[in-house]
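Me: Hi! I've got a structure open and would like to talk it through with you. Mind if I throw some quick questions at you?

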Amino acid sequence: MINKIVQSMAEALAGIGDGAVVLIGGFGSIGQPNALIDGLIEQGAKELTVVSNNAGTGRVGLARLLELGRVRKIICSYPRSAGSVVFEDVYRAGKVELEVVPQGTLAERMRAAGAGIPAFYTPTAVGTKLGAGKEERDFAGRAYLLEQALAGDVALIEAWEADRWGNLTYRSSARNFNPVMATAAKLTVAQAQHIVELGALDPEKIVTPGIFVDRVLHVPYGEPVVT
Amino acid sequence: MNEASAGYTPLSRAAMAARVARDIPEGWYVNLGIGIPVLVADHIPAEREAVIQSENGVLGMGPAPAPDAINRWLINASKLYVTLVNGGSYMHHADSFALIRGGHLDLCVLGAFQVADNGDLANWATSDNDTAPAVGGAMDLAAGAKRVWVVMQHMTKSGHSRLVRRCTYPLTATGVVKRVYTNLAVLDVTADGFAVREMVPGLTFDALQAMTDAPLRMAAP
């Protein structure tokens, strides 16, 4: 019997090693797997490369992971936002390497990784400093940049419902990066608000098929808070 | 300069947003950037159906919810609570940016630090050694939408023109801006530079040119 549902945080995060590339879902605090991030803080892996749209706010979650010096590099589109105090401190102090990637390129680099596409051409960032040094090529008279796929060792994502096969649904705009990241990592761990019986999810409404998911942890925390 | 004594009144932020909204026809799919652009949605009349996209995976975004009807999982790109209109849908980030990059949006309205008369856009960083630069979706939107309009103040707080010959701030995209709405004027970006379509009442072309770094000409009527 396939059963991807794990009973403890330790089980959910077992095997994440130092130096791992960790994809973390969410757009701001919505769809962000807060329990798994807290678990990663406890778990102890360090020298991490974190891929996330934002770089955390306040002094909890991703910001706390940064503050503890556990992140070597962060790859994101929008590190600086209201309340991103920790990121700004560690970045200014030279304690974390930053790779800023346009949001759509960030998503597509992970989509490509999950789809077996090693690189792709995109018009985004042509002629800008974020495109500097990248291979450029013309197609039908327009310039494009070559961008490389971005794969993770682990993806930490948040879902709304899950079953024991790892089929997932999402809630409203909390979907965001989560289904993309689920496809792009060697190990995908989902926290889900609801665990349902196999067969209870309408196949027409499953967004992430279980093939992309390795472990599911039940985290019924209620309503998210925008931070 | 005291603008009232100069014989004209610059548009408020709301009036600038309303002016942009007038030019958005029914049926367009539109992304609105942070700042004045998001205000544009408030000025599109309900009977004129235009579909607003938010790059975090929302197509058919509606106004802010009533305080007792907030969906805590539904935010916009500014991370504010919004609603979904009838017919709206959700998608993940790769699909959201596929529709942006794939040229499916009729229009993207963005704010800017500078727009050059060749259509270059600078709206994400103010210097090359910015601490912690943050680009978000600006470069994808600027490169991907069928047309890019900018709505911004004509001048900086320190009195420098934001309409320039060449951008001095880091570029978001090259040659993409088709029209600029400021608190003083509406201008098209043409192969021959900025063409003034309209000015606020009482403002003269010469006075507008005096406040603008880039050379201007009147658009053909």
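Me: Let's start with chain B. What percentage of its 221 residues count as buried?

Reply: Happy to help! This is a predicted model, and in it 43% of the 221 residues of chain B count as buried.

Me: And how many helices and strands does chain B have?

Reply: Chain B has five helices and 13 strands. Its radius of gyration is 18 Å, close to the 17 Å that the globule rule gives for 221 residues, so chain B is as compact as a globular protein of that length.

Me: What does the C-alpha trace of chain B span along its principal axes?

Reply: About 50 × 40 × 35 Å.

Me: How about contacts in chain B, what share join residues at least 24 apart?

Reply: That share is 62%, counted among contacts between residues at least 6 apart in sequence.

Me: OK, over to chain A. What's the secondary structure there?

Reply: Chain A comes to six helices and 12 strands. Of its 227 residues, 52% count as buried. For contacts in chain A with a separation of 6 or more, residues 24 or more positions apart account for 76%.

Me: What are the span and the radius of gyration of chain A?

Reply: The C-alpha trace of chain A spans about 50 × 45 × 30 Å along its principal axes. Its radius of gyration is 18 Å, which agrees with the value near 17 Å for a compact globule of 227 residues.

Me: Now the bit where the chains meet. How many residues does each chain put into the contact?

Reply: Chain A puts in 41 residues and chain B 34. On the side of chain B that touches chain A, helix 3 and helix 4 (138–144) each supply at least two residues. Helix 3 gives the most to that side, with five residues.

Me: And by class, what does that side of chain B look like?

Reply: The side of chain B that touches chain A has 17 nonpolar, 11 polar and six charged residues.

Me: Let's look at helix 3 of chain B, then. At what angle does it pack with helix 5 of chain A?

Reply: Helix 3 of chain B (residues 93–101) and helix 5 of chain A (residues 103–115) pack at about 125°, and their axes are 9 Å apart. That angle makes helix 5 of chain A oblique to helix 3 of chain B.

Me: Left-handed or right-handed crossing?

Reply: Left-handed, for helix 5 of chain A passing helix 3 of chain B.

Me: Which residues meet there?

Reply: From helix 5 of chain A you have A:Q103, A:G104, A:A107, A:E108 and A:R111. They meet B:H93, B:A94, B:F97, B:I100 and B:R101 in helix 3 of chain B. By class, the residues of this contact divide into four nonpolar, three polar and three charged.

Me: Switching topic: which residue other than glycine has a phi near 80°?

Reply: That's A:A125, with a positive phi. A:A125 is found in the loop between strand 6 (119–122) and strand 7 (136–139) of chain A.

Me: Is A:A125 buried or exposed?

Reply: A:A125 counts as buried, because it has 26 C-beta neighbours inside 10 Å.

Me: What about A:N176, what's its phi?

Reply: The phi of A:N176 is about 20°, positive although A:N176 is not a glycine. A:N176 is found in the loop between strand 10 (168–169) and helix 6 of chain A. With 31 C-beta neighbours inside 10 Å, A:N176 counts as buried.

Me: Where is A:A184, and what does it touch?

Reply: A:A184 is found in helix 6 (residues 178–184) of chain A. Not counting residues up to four places away in sequence, A:A184 touches A:L23, A:M110, A:A113, A:G114, A:A151, A:G152 and A:A155. A:A184 counts as buried because it has 26 C-beta neighbours inside 10 Å.

Me: Last one: why does A:K186 count as partly exposed?

Reply: Because A:K186 has 13 C-beta neighbours inside 10 Å, and the partly exposed class lies between 12 or fewer for exposed and 20 or more for buried. A:K186 is found in strand 11 (residues 185–195) of chain A. Leaving out residues up to four places away in sequence, A:K186 touches A:D153 and A:V154. The C-alpha atoms of A:K186 and A:A151 are separated by 8.1 Å, with the two residues 35 apart along the chain.

Notes: Residues numbered from 1 in each chain as written. Chains lettered and ligands numbered in written order. Predicted model: local features only at pLDDT ≥ 70, side-chain atom pairs only at ≥ 80, totals over all residues. Axes fitted to C-alpha atoms, helices over the stretch in contact; angles between N-to-C directions. Helix = DSSP H or I, 4+ residues; strand = E, 2+ residues; numbered from the N terminus. Parallel < 35°, antiparallel > 145°, perpendicular 65-115°, else oblique. Left-handed = near helix turned anticlockwise from the far one by under 90°. Contact = placed C-beta atoms within 7 Å. Nonpolar A, V, L, I, M, F, W, Y, C, P; charged D, E, K, R; others polar. Rg over C-alpha atoms; globule rule 2.2 N^0.38 Å.
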